[in-house]
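Trainee: I have not seen this structure before. Please take me through it and show how each label is earned.

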Protein chains: 2
Amino acid sequence: MALAARTVGATGLGANFFDLPESVLRSRRNSKWNAYGPDILPAFVAEMDFAVAEPIQDAIRRAVAAGDYGYPQYKGGKAEPRVAEAFVARMERRFGWKTDPSLVQVVADLVQGTFAPLLAFSEPGDGVILQVPAYPPFHEAIATTKRELTPLTMRDAGTRHVFDVTELDDRIGPRTRILILCNPQNPTGRVFDHAELSALARLAIERDLIVVADEIHSDLVYDGRKHIPFATLGPEIAARTVTITSATKSFNIPGLRCGVMHFGTPELRQRFANTIPARLLGGCSGLGIDATVAAWTSCDQWLDAVVAHLPAARDRVLEVLRAELPEVRCHAPEGTYLAWLDFRELHLEVPAFQFFHDHARVALSPGENFQPGCAQFARLNFATSMPILDRILGRMVDAAKKRT
Amino acid sequence: MALAARTVGATGLGANFFDLPESVLRSRRNSKWNAYGPDILPAFVAEMDFAVAEPIQDAIRRAVAAGDYGYPQYKGGKAEPRVAEAFVARMERRFGWKTDPSLVQVVADLVQGTFAPLLAFSEPGDGVILQVPAYPPFHEAIATTKRELTPLTMRDAGTRHVFDVTELDDRIGPRTRILILCNPQNPTGRVFDHAELSALARLAIERDLIVVADEIHSDLVYDGRKHIPFATLGPEIAARTVTITSATKSFNIPGLRCGVMHFGTPELRQRFANTIPARLLGGCSGLGIDATVAAWTSCDQWLDAVVAHLPAARDRVLEVLRAELPEVRCHAPEGTYLAWLDFRELHLEVPAFQFFHDHARVALSPGENFQPGCAQFARLNFATSMPILDRILGRMVDAAKKRT
């Protein structure tokens with residue numbers, strides 16, 4: 001709690017920023033605090049328990065005050081280009097990535113942004129490479145569209161998870177078309193370095209792959225690491241890369257449904273549009289547009305505070321687990337607010353998710369959803385206040401100790 | 001103005017409900033009041049100049065107060081089924097249409113809801129029947145997806161526009177797959193009667209057509225008329241009908257992006273989903289969901305007041321035109337808040353849209369966008385206060401008279 005209090009004190013964002021009481025959180029109608037009953041502490045779906053940044057609130061309050069729910073417009077034109085312009089300006093400012101708003105397609109969410117390129121750039125039966133464990137909707141997208149999963153396993157290399165490009169090279173067949181890259185990686189928290197990304201880039205060029213680069217966690221990297229947008233690795237890579245991202249994860253507004261697909265070249269965008277017309281993807285709400293523009297242009301102070309708090313919360317998770325439950329393996333996430341926990345050494349008789357649900361009244365994300373056979377793994381979301389995090393960890397430790 | 005004042009007095013909805021000052025309207029960031037400069041009075045895009053219903057405002061204020069922009073959830077499940085349930089309950093209550101929430105797919109908007117069935121139920125080069133003049137995005141959907149337009153002309157029959165099914169029957173070829181039905185019809189304002197709809201239904205069955213029934217204006221019908229949902233014409237019709245609708249037109253919330261596609265049978269929905277996975281369509285924002293549910297369950301009083309006001313505004317348009325510009329043909333819209341004006345007898349030297357834009361400083365919707373060759377037609381949106389409507393009409397009359 002000391003760490004959280006220090007962070008809050010420094011931001012001027014208000015004492016409640018990181019410390020919303022549980023009663024306030026439970027009054028939200030979001031997934032995190034409503035999917036389970038009132039005695040469960042949620043640490044599953046990727047939502048943060050923090051107050052939304054004031055510039056986002058101001059943008060929405062303005063619309064409410066004006067009763068302004070008409071077709072979104074801005075300066076005589078459609079409003080969607082504002083999102084594209086805010087994205088482009090932000091990519092240059094944060095990552096030195098110079099690109100163009102005309103390459104941006106606004107979408108509702110990144111699940112849509114995953115289904116769409118799979119349908120546009122491959123056929124049923126074609127192979128799609130996916131780092132596993134993986135965000136469950138990636139599995140869903142591959143299965144629903146009847147593509148073939150080619151797994152790229154994130155292996156536990158002692159202090160972090162890594163993938164082996166040589167092994168992947170052997171698995172790529174004549175019908176492998178797409179690589180889904182998630183960086184920072186959900187759920188392992190890896191922030192891939194230049195060498196790792198370059199190896200994938202070389203393979204993508206050699207094997208003529210389209211890369212769908214999910215970089216939704218790119219704002220949330222720690223310990224001085226730098227996020228490298230995959231499309232910046234060179235023009236040959238840009239020409240085959242669809243970057244999908246949004247403000248929804250960093251700024252905690254997934255319910256406003258606004259994100260972007262960025263195509264590395266006009267040709268790639270046109271190839272996509274030949275199969276998936278923009279209008280099939282639907283319009284984005286005016287409130288989602290306004291909130292996203294506010295997030296990407298006016299909320300750096302809020303984000304800085306979050307990016308100061310999250311590694312402290314992460315370290316609390318690691319400290320408690322190492323001290324109290326050393327059988328649980330967990331490598332420090334380099335980014336994201338998600339920890340991938342390996343409970344195999346606890347030798348639980350039920351899936352780890354079920355054990356902690358039943359005996360700790362804590363809801364984790366079941367490992368099996370991220371990779372078949374991983375029922376003794378689970379993902380823990382640590383984007384909450386230190387008091388709630390301590391209760392989550394305390395309950396888990398108690399339940400595990402009581403058992404042994 | 002007297003009519004408007006009477007209506008307002010009866011509703012208890014507040015004196016400003018229909019009479020928002022122009023300064024308030026221009027403070028909105030919507031298309032209607034921002035696409036043109038400050039000296040133009042807008043009567044084009046289908047937005048209403050009325051204050052949004054309080055239950056909708058309350059729903060959004062609740063989310064803002066809680067900072068509640070997470071993944072929308074309701075009673076432990078996803079929130080989208082609430083929209084489906086509200087739709088089904090409303091269809092039964094208003095139209096005696098009994099259907100099932102499992103047949104409903106929530107979408108962002110009805111342009112998406114038009115592109116999607118065209119892509120799912122036809123191939124490039126296949127024929128799509130469209131009543132013309134037509135809502136411009138229908139033309140766009142047919143052209144973008146490379147389908148062939150089979151026009152079904154709405155002919156001026158003296159007091160209203162009608163279509164001829166026999167003529168249509170002759171035009172249907174072996175590759176004609178889809179009929180887009182717009183009822184109430186935009187822009188002619190026709191509310192089709194049972195005989196007209198039955199004739200289309202028989203043809204749809206005989207020629208094995210899928211019907212995309214846009215019923216977005218179904219709440220806005222006047223003079224004791226009744227809207228008949230096309231899917232209620234019988235099980236054989238339901239089995240081939242995709243109904244698309246939303247609360248956005250009746251309740252003036254298009255920027256919140258929430259609508260529904262209703263499939264008449266589970267088999268039709270499955271056939272659709274085989275080509276267009278639900279996730280490709282994207283998620284709907286929590287605010288759009290909450291607003292739509294509020295609109296469909298708690299805003300009847302507001303809607304009743306609107307449905308009392310709009311025919312008064314319509315009659316004002318007709319009275320003024322008949323008295324001052326009898327050369328302009330216009331049949332009383334039976335529904336919608338749109339009037340289709342035939343300016344051919346004015347013998348203007350430029351398109352009618354351009355003439356009134358330049359000389360009356362009034363923005364209508366150009367007729368050419370609804371049907372090629374209709375540059376001497378325009379659509380007028382009369383969903384505004386009587387004072388603004390009188391200024392629009394006065395400017396148009398002055399400009400046309402000055403010319404002659």
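Mentor: To compare copies of a chain, they are superposed by least squares on the C-alpha atoms of residues with pLDDT of at least 70 in both. That cut-off applies here because this is a predicted model.

Trainee: How do you know that chain B and chain A are related by a two-fold rotation axis?

Mentor: A turn of 180 degrees, with a shift of 0.0 Å along the axis, lays chain B on chain A with an RMSD of 0.0 Å. The two copies are thus related as by a two-fold rotation axis. The same surface serves both copies, since 100% of the contact residues of chain B recur in chain A.

Trainee: Which residue of chain B comes closest to the rotation axis?

Mentor: B:Leu281, whose C-alpha is at 2.8 Å.

Trainee: What makes up the side of chain B that touches chain A?

Mentor: Contact needs C-beta atoms within 7 Å. On that basis 54 residues of chain B are in contact with 54 residues of chain A. Elements giving two or more residues include helix 5 (112–121), helix 6 (136–144) and helix 11 (286–298) of chain B. Helix 3 of chain B gives the most, with five residues. By class, this side of chain B has 26 nonpolar, 19 polar and nine charged residues.

Trainee: Which residues touch the most other members of the largest nonpolar core?

Mentor: A:Ile56 and B:Ile56, in a core of 260 residues. Leaving aside residues up to four places away in sequence, B:Ile56 touches B:Phe251, B:Ile253, B:Ala291, B:Ala294, B:Ala295 and B:Cys299.

Trainee: Why is B:Asn252 called buried?

Mentor: The label needs 20 or more other C-beta atoms within 10 Å. B:Asn252 has 26, so B:Asn252 is buried. B:Asn252 lies in the loop between strand 11 (241–245) and strand 12 (259–263) of chain B. Its phi is positive, about 65 degrees, although B:Asn252 is not a glycine. Most residues other than glycine have a negative phi.

Trainee: Why is B:Arg361 called partly exposed?

Mentor: B:Arg361 has 18 other C-beta atoms within 10 Å. Buried starts at 20 and exposed ends at 12, so a count of 18 falls in between and B:Arg361 is partly exposed. B:Arg361 also has a positive phi, about 55 degrees, without being a glycine. B:Arg361 sits in the loop between helix 13 (352–359) and strand 14 (362–363) of chain B.

Trainee: Where is B:Pro184, and what kind of peptide bond joins B:Asn183 and B:Pro184?

Mentor: B:Pro184 is in the loop between strand 9 (176–182) and helix 8 (194–206) of chain B. The bond is cis, with omega about -10 degrees. B:Pro187 is also placed between strand 9 and helix 8 of chain B, and the peptide bond from B:Asn186 to B:Pro187 is cis with omega near 20 degrees.

Trainee: How do you know that strand 5 and strand 6 of chain B pair?

Mentor: Pairing takes at least two bridges. Strand 5 (residues 127–132) and strand 6 (residues 148–153) of chain B have six, in the parallel sense, so they pair. B:Leu130 stands opposite B:Pro151 in strand 6 of chain B. The chain crosses from strand 5 through helix 6 to strand 6 of chain B in a right-handed β-α-β crossover.

Trainee: What makes strand 13 and strand 15 of chain B edge strands?

Mentor: Three strands of chain B form an open antiparallel sheet in the order 13-16-15. Strand 13 (338–342) and strand 15 (365–366) of chain B each have a single partner strand, so one side of each is left without a neighbour in the sheet.

Key: Residues are numbered from 1 along each chain as its sequence is written. Chains are lettered from A and ligands numbered from 1 in the order in which they are written. This is a predicted model: local features need pLDDT of at least 70, side-chain atom pairs count only at pLDDT 80 or more; totals for chains, interfaces and linings use all residues. A nonpolar core is a set of buried Ala, Val, Leu, Ile, Met, Phe, Trp, Tyr and Cys residues joined through C-beta atoms within 7 Å. Two residues are in contact if their C-beta atoms, placed from the backbone, lie within 7 Å. Helices (H or I, at least four residues) and strands (E, at least two) are DSSP runs, numbered from the N terminus. Ala, Val, Leu, Ile, Met, Phe, Trp, Tyr, Cys and Pro count as nonpolar, Asp, Glu, Lys and Arg as charged, and the others, Gly among them, as polar. A crossover is right-handed if, with the strands pointing away from the viewer, the path from the first strand over the helix to the second runs clockwise.
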